[in-house]
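Visitor: I'm new to this one. Could you walk me through it, a few questions at a time?

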Amino acid sequence: MQPYPDAEKICILALMHTPGIGAVTIRQLISYCGNACGVFQADYKKLIKIPGIGDKIVKAVLGKNTLEMAERELAECRKTGTQILFFNDPDYPARLRPLYDAPIALYAKGNTDFNWPRTVGIVGTRKISEYGKSVTENIIRELVPYQPLGVSGLAYGVDITAHRQCLRNNLATLGVMASGLDVIYPAVHQRTASEMQDNGGIVTESALGTKPDFMRFPARNRIIAGLSDVIIVVESGRTGGSLITVEFAQNYHREVFAVPGAINEPQSEGCNFLIRDHKAAIFTSVEDMAEALGWVKGKPETGPGLATDEPVMTFEGFTQDEGQVLSLLKQRGAMQIDELAWQSGIHLNRLATLLLNLEFQGMVRSMPGKKYGLI
């Protein structure tokens, strides 16, 4: 997997800044046009034929008003030491890559290994109680022997308590933000965010200068869920960001644990209902959670995107593109053709021909919903 050249990076950033389109639509455009540069080189007739792409989006793309902005942004990120992790970059989080709504790019600062072998998302209310603070700090202390990366949202309450306790216990911690990296929110957490960059870091899908608004927080929560192997909800009301994170975690097939609390405490209502409704396992101790997850003490040597003892899969007698497609289908099971095009980087029209040839060779089969799988 090769990193994108600068021209492609600029075009991807330009698409990210084009009004009215998000990560899913960008993936759709790139899948049909082969790459981001191809999107801006396409004409109206080609773009309007892409499923789900209407007249408004086509005109916004053809205006090309965001290309200069993207070029300036790439230069500013390099000037400020902001790392941009594009979808095809080797360092892009392997846990996020398979998700249908994965960010097209992430902005990061720090020394975080996004493919850390174990990750734990710790979330909860901003109005943390003394009980919640004590539980959060105990959880972090008990996690130390397992050496996970602690993930949270840098917010008041449970989030900042988790980050600071990770720092005190020399445990790597990552803050996922709903703003640009240069707009720390809340501002009083600036010092903690700076300290985290020495053992972990901060990350966002928002460009530099972006201020947090209401709709960015649920999007931020999906990244927390996607980056985490397991989510622990310490305290939560009946509504709030923590429960949104749980919904994303369930959609992504992540494990969820909730800390039970007193039935008359509003900060514990959300956790108690998650447990009652079987949306979360009851959290009793890190040791019990680790046993359920199959963790043993000590940092494992492998994780998402890291080397394993499994032999490298080869498909002799096939072209490089055919081998790449067969490997993806072997690793991930049946995939929709649009997703397969995005993951492989093969132009959709070429991919359709390639899949047809593989069908004739008895290697793949077409399935309902434009899916393909190995025979």
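Guide: Happy to. Keep in mind that this is a predicted model. Let's start with Arg168, which forms a salt bridge with Glu137, the closest N and O atoms being 3.5 Å apart. The pair links distant parts of the chain, with Arg168 in helix 8 and Glu137 in helix 7, 31 residues apart.

Visitor: Is Arg168 buried or exposed?

Guide: To count as exposed, a residue needs a relative accessible area over 50%. Arg168 comes out at 56%, so the label for Arg168 is exposed.

Visitor: And what about Glu137, buried or exposed?

Guide: The cut-off for buried is under 20% relative accessible area. Glu137 has 14%, so Glu137 is buried.

Visitor: Which residue forms a salt bridge with Glu137 at 2.8 Å?

Guide: Look along helix 7, which covers residues 130-143. Four residues from Glu137 in that helix sits its partner, and because of that spacing the two are separated by about one helical turn. The closest N and O atoms of this salt bridge are 2.8 Å apart, and the partner is Lys133.

Visitor: How does Lys133 count in terms of accessibility?

Guide: Partly exposed covers the range between the buried cut-off of under 20% and the exposed one of over 50%. Lys133 has 33% relative accessibility, so Lys133 counts as partly exposed.

Visitor: Which residue does Asp55 meet in a salt bridge?

Guide: Asp55 lies in helix 5, residues 55-62, and its partner is four residues away in that helix, so about one helical turn separates them. Asp55 is partly exposed at 33%, while the partner counts as exposed at 52%. The N to O distance is 3.3 Å, and the side chain that Asp55 meets belongs to Lys59.

Visitor: Which residue is linked with Asp101 and Glu205 in a network of salt bridges?

Guide: A salt bridge pairs a carboxyl oxygen of Asp or Glu with a side-chain nitrogen of Lys or Arg. Asp101 and Glu205 bring the carboxyl side, so the nitrogen has to come from the remaining member. That member of the network is Arg222.

Visitor: How many salt bridges are there in the whole structure?

Guide: We've met several, including the one between Arg168 and Glu137. A search of the whole structure gives a total of 13.

Visitor: Now for a loop: the backbone nitrogen of which residue lies 3.1 Å from the side chain of Ser285?

Guide: Ser285 is in the loop between strand 9 (281-282) and helix 13 (286-293). At 18% relative accessibility, Ser285 counts as buried. A polar atom of the Ser285 side chain lies 3.1 Å from the backbone nitrogen of Asp288.

Technical notes:
Residues are numbered from 1 along each chain as its sequence is written. This is a predicted model: local features need pLDDT of at least 70, side-chain atom pairs count only at pLDDT 80 or more; totals for chains, interfaces and linings use all residues. Side-chain values use heavy atoms; hydrogens and water are left out. Buried means under 20% relative accessible area, exposed over 50%, partly exposed in between (1.4 Å probe, protein chains only). A polar contact is a pair of N or O atoms within 3.5 Å; within protein, one must be able to donate a hydrogen and the other to accept it, and residues adjacent in sequence count only if both atoms are side-chain atoms. A salt bridge is a side-chain nitrogen of Lys or Arg within 4 Å of a carboxyl oxygen of Asp or Glu.
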